[in-house]
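Colleague: Could you take a close look at the surroundings of the ligand and walk me through them in one connected account?

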Amino acid sequence: MDFQFTEEQIMFRDMVRDFARKEITPIAAEIDQQARFPHEIIEKMKELGLLGMTAPEEFGGAAVDELSHILAIEELGRVCSSTAITVAVHHSVVQEPIAHFGTHEQKSKYLRALATGASLGAFALTEPDAGSDAAGIRTVAVRDGDDYIINGTKNFITNGGVAGIILVAAYTDKSKGHKGISFFIVERDTPGFKVGKKEDKMGVRGSDTSQLIFEDCRITPDNRLGQEGEGFKIMMQTLDGSRIGVAAQAVGLARGALDAAVHYSQERMQFNKPLAQFQAIQFMLADMATEIDAAALLAYRAAVLKDQGRKISKESAMAKLYASEMVQRVTYKAIQIHGAYGYIKEYDVERFYRDARATTIYEGTSEIQRLVVARNILRD
Ligand code: CAA
């Protein structure tokens, strides 16, 4: 779509588009069917420097702006939602908070490892009994001398089973409510840390979603991210930014579904003419394209505001809400246009429909996005 992108943004987007089409499209259906994490794609992205898009150059990143980053996520999402969410999480909820709240030493060690692709990252907030209620976590980090001992279980953690570096939210002082939450950087080989069950999901099956278990996991104070008690603020600010990435993933996925529907409707003959010549189909395509652009514009606005350093709670929640709900309608219509062919695994739209479902859930449900938007407009 036309938008006021800079030449650099267009070049970056086109580079990722070429990569996605050449390297990811051929395996996207297979990793979905086998629920296989695409390590080979991650290796290739590492070679291209696509695992440290937004990190400062000083720490091995490419330091592109947020708009370029979400254009990249959109292009990945257009062919493979699993790759898009893997990469989005690795950047938005892991590298970003380390870049903003980390010490120089933490950036030199962890941000560099993430940005260069030496390690993948995961963000461990959700628990068996705490999803939308982020302050309802039960994981604790209890002081033992200078160290902290972490105990708790995290559920549904994207990249959990493949990450080398995990950000973990835990209570350091339960009596202070949400002001008693802190964040920690945990390395995969830390004693007391282990990966539990890998989830068998409806969609985004090529992305790893695992349970993480912390049993007397000893962490030095050097690995606390931010100050004690700053954890809730870190997670809220982080999610404000990362929700734009989910919006971009949904926009990309919807574009993929539209591409497939346009192509199919021009090939498929019924009543002696291509489907695309029927007004019923044209209206569906028109609605799909219009809603996709509306969602994309919301996401681009949030990205531009983020680049300007503005507060984006409302704008990112709006983008995530609208884009993730929009992609349900668009993938539904894409299947409708394909008819029975859309209902079988041979056609990409079947996968797109299942992948779309996750976007209204992770990084805050649609209900949470509405709550964030409403609180902001009522307060302002
Ligand atoms: N930025 C900075 N501070 C913020 C903030 C923001 N966006 N939002 C809230 N805060 C501050 C408030 O100002 C308040 O501070 P004070 O106490 O100093 O006044 C404090 O945080 C508490 O705010 P609330 O009273 O609004 O908190 P709440 O308990 O009502 O919860 C919520 C707010 C928006 C519902 C929050 O719990 C939330 O976002 N829940 C959803 C969690 C979520 O998105 N989980 C997704 C998991 S991560 C994931 O999916 C990644 C993946 O792997 C794919």
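Modeller: I would start from the oxygen side of the ligand, bearing in mind that this is a predicted model: an oxygen atom of the ligand lies 2.8 Å from a polar side-chain atom of arginine 243. The protein covers 72% of the 1100 Å² of accessible area that the ligand has on its own, and the elements that contribute two or more residues to the surrounding shell are helix H6 (231–267) and helix H10 (366–379). Helix H6 supplies the largest share of that shell, with 6 residues.

Turning to nitrogen atoms of the ligand, one is 2.8 Å from an N or O atom in the side chain of aspartate 240, while a backbone N or O atom of serine 132 lies 2.7 Å from a nitrogen atom of the ligand. Altogether 22 residues surround the ligand, and the closest are Ser132, His178, Asp240, Arg243 and Arg375. By residue class, the shell divides into 9 nonpolar, 8 polar and 5 charged residues.

As for where the ligand sits in the overall fold, domain 2 (122–230) and domain 3 (232–379) both give residues to the shell, and the ligand therefore lies between them. UniProt, in an unreviewed entry, places the feature "domain: Acyl-CoA oxidase/dehydrogenase middle" at residues 122–217; over residues 122–217 the model has 0% helix and 51% strand, with the end C-alpha atoms 17 Å apart.

Methods: Residues are numbered from 1 along each chain as its sequence is written. This is a predicted model: local features need pLDDT of at least 70, side-chain atom pairs count only at pLDDT 80 or more; totals for chains, interfaces and linings use all residues. Side-chain values use heavy atoms; hydrogens and water are left out. A residue is near a molecule or strand if one of its heavy atoms lies within 4 Å of it. A polar contact is a pair of N or O atoms within 3.5 Å; within protein, one must be able to donate a hydrogen and the other to accept it, and residues adjacent in sequence count only if both atoms are side-chain atoms. Accessible areas come from the Shrake-Rupley method with a 1.4 Å probe; for residues, only the protein chains shown count as cover. Helices (H or I, at least four residues) and strands (E, at least two) are DSSP runs, numbered from the N terminus. Ala, Val, Leu, Ile, Met, Phe, Trp, Tyr, Cys and Pro count as nonpolar, Asp, Glu, Lys and Arg as charged, and the others, Gly among them, as polar. Domain bounds come from an automatic or database domain assignment. UniProt positions are given in the numbering used here, feature names are shortened, and annotations may be inferred rather than shown by experiment.
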